[in-house]
Amino acid sequence: MQLLLVEDDATMQATLQRSLARRGMAVTALADGRAALAEWRAHPPDAVVLDLTLPGLDGLQVLQQARAGGLRTPVLLLTARGTVGDRVLGLNAGADDYLPKPFDLDELEARLRALLRRSGGDTADDKQASNALVMGALRYEKESGAIYLHDAPMDLTPRELALLRTLLTQPGRAVAKERLYELVFPGQSEVQYEAIEVVVYRVRKKLAGTGVALMTLRGLGYLLKPET
């Protein structure tokens, strides 16, 4: 996947570029709205990840000018703005999807691949991939990013959701504490490292009675496994 990433936060941009490249995407990263629009026109990518708050031109202006110029590339908006109005403005301007910060990298990847499928750019691997992961009474719908308990959506904060998704995609395998911190608190260097333990504690409480255990492996990290 050829991806244009437009994000002016240097830490967030570097984290996303590195993480998405590890997942097999070729990422061109820019921080300025005008430069991003010029790059988009010159080298149309498979998908665009676009922050709303940018110097030069803001994300909505970039999107509006791209669509007015006939660029039909699927666009996923990243935004820290929480109001419904901002989301509606983005969708009305031509965005295909949006993802509020903080978010989980697995969800970002799943949404990007879903955009490609809807636009006719799906791969053979995408078609063969299962749409859901099941463990105990939990079900993770990879395309939508939702986690269900007994067919009802779980009540999770964005950080709890990011942590649980990460562990569900690697059942029975330990995920390092450092890796979880990077995914649960992307680009948030001001958050203390020990904060990940608070999120783990809250998720563990919510997993009570689900048939799934969140285990701590000292020196290795955390893992999910079915309870016996």
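1. Contacts of Leu 163. In this predicted model, Leu 163 is in contact with Leu 180, Val 184, Ile 196, Val 199, Val 200, Val 203 and Leu 214, once its neighbours within four places in sequence are left aside. Leu 163 also belongs to the largest nonpolar core, which has 27 residues. Together with Leu 164, Leu 214 and Leu 224, Leu 163 touches the most other members of that core.

2. Composition of the largest core. Which elements each supply at least two residues of this core? They are strand E7 (138-141), helices H7 (158-168), H8 (177-184) and H9 (195-206), and strands E10 (212-217) and E11 (221-226). Helix H7 gives the largest share, six residues. A second core of 21 residues is separate from this one and includes Met 12, Leu 105, Leu 112 and Leu 183. As general background, nonpolar side chains in soluble globular proteins tend to be buried together.

3. The hairpin of E10 and E11. These two strands run antiparallel and are joined by six bridges. Leu 214 stands opposite Leu 224 in E11, and both leucines are among the core residues that touch the most other members. Three residues lie between the strands of the hairpin, and Gly 219 takes a positive phi near 85° there.

4. The pair Glu 109 and Arg 23. The structure holds 13 salt bridges. In one of them the side chains of Glu 109 and Arg 23 meet, with an N to O distance of 2.8 Å. Glu 109 lies in helix H5 (residues 105-118) and Arg 23 in the loop between helix H1 (10-22) and strand E2 (26-30), so this salt bridge ties together parts that are 86 residues apart in sequence. Are the two partners buried or exposed? Glu 109 has a relative accessible area of 17% and is therefore buried, the limit being under 20%. Arg 23, with a relative accessible area of 18%, is buried by that limit as well.

5. The pair Arg 165 and Glu 107. A salt bridge joins Arg 165 to Glu 107, and their closest N and O atoms are 2.5 Å apart. The pair links distant parts of the chain, with Arg 165 in helix H7 and Glu 107 in helix H5, 58 residues apart. Arg 165 counts as buried at 3% relative accessibility, and Glu 107 is buried with a relative accessible area of 7%.

6. A salt-bridge network. Glu 109 also forms a salt bridge with Arg 113, the closest N and O atoms being 3.2 Å apart. Because Arg 113 and Glu 109 are four residues apart in helix H5, about one helical turn separates them. Through shared partners, salt bridges join Arg 23, Asp 106, Glu 109 and Arg 113 into one network.

7. The annotated residue Asp 51. UniProt, in an unreviewed entry, lists Asp 51 for "modified residue: 4-aspartylphosphate". This annotation comes from the record and may be inferred rather than shown by experiment. In the model, Asp 51 is in strand E3 (residues 47-51) and counts as buried at 4% relative accessibility. Which residues are in contact with Asp 51, leaving aside its neighbours within four places in sequence? They are Val 6, Glu 7, Asp 8, Gly 59, Leu 78, Thr 79 and Lys 101.

8. Surroundings of Ala 93. The loop between helix H4 (84-92) and strand E5 (97-100) contains Ala 93. Ala 93 is buried, with a relative accessible area of 13%. Not counting residues up to four places away in sequence, Ala 93 touches Leu 60, Leu 63, Gln 64 and Arg 67. Ala 93 and Val 62 are 31 residues apart in sequence, and their C-alpha atoms are 9.7 Å apart in space.

9. The chain as a whole. The chain has nine helices and eleven strands. Its radius of gyration is 18 Å, which agrees with the value near 17 Å for a compact globule of 228 residues. Along the principal axes, the C-alpha atoms fill a box of roughly 60 × 40 × 35 Å. Of the 228 residues, 46% count as buried. Among contacts in the chain with a separation of 6 or more, residues 24 or more positions apart account for 56%.

Technical notes:
Residues are numbered from 1 along each chain as its sequence is written. This is a predicted model: local features need pLDDT of at least 70, side-chain atom pairs count only at pLDDT 80 or more; totals for chains, interfaces and linings use all residues. Side-chain values use heavy atoms; hydrogens and water are left out. A nonpolar core is a set of buried Ala, Val, Leu, Ile, Met, Phe, Trp, Tyr and Cys residues joined through side-chain atoms within 4.5 Å. Buried means under 20% relative accessible area, exposed over 50%, partly exposed in between (1.4 Å probe, protein chains only). Contact means heavy atoms within 4.5 Å. A salt bridge is a side-chain nitrogen of Lys or Arg within 4 Å of a carboxyl oxygen of Asp or Glu. Two strands pair if DSSP finds at least two bridges between them. The radius of gyration is taken over C-alpha atoms; the globule rule is 2.2 Å times the number of residues to the power 0.38.
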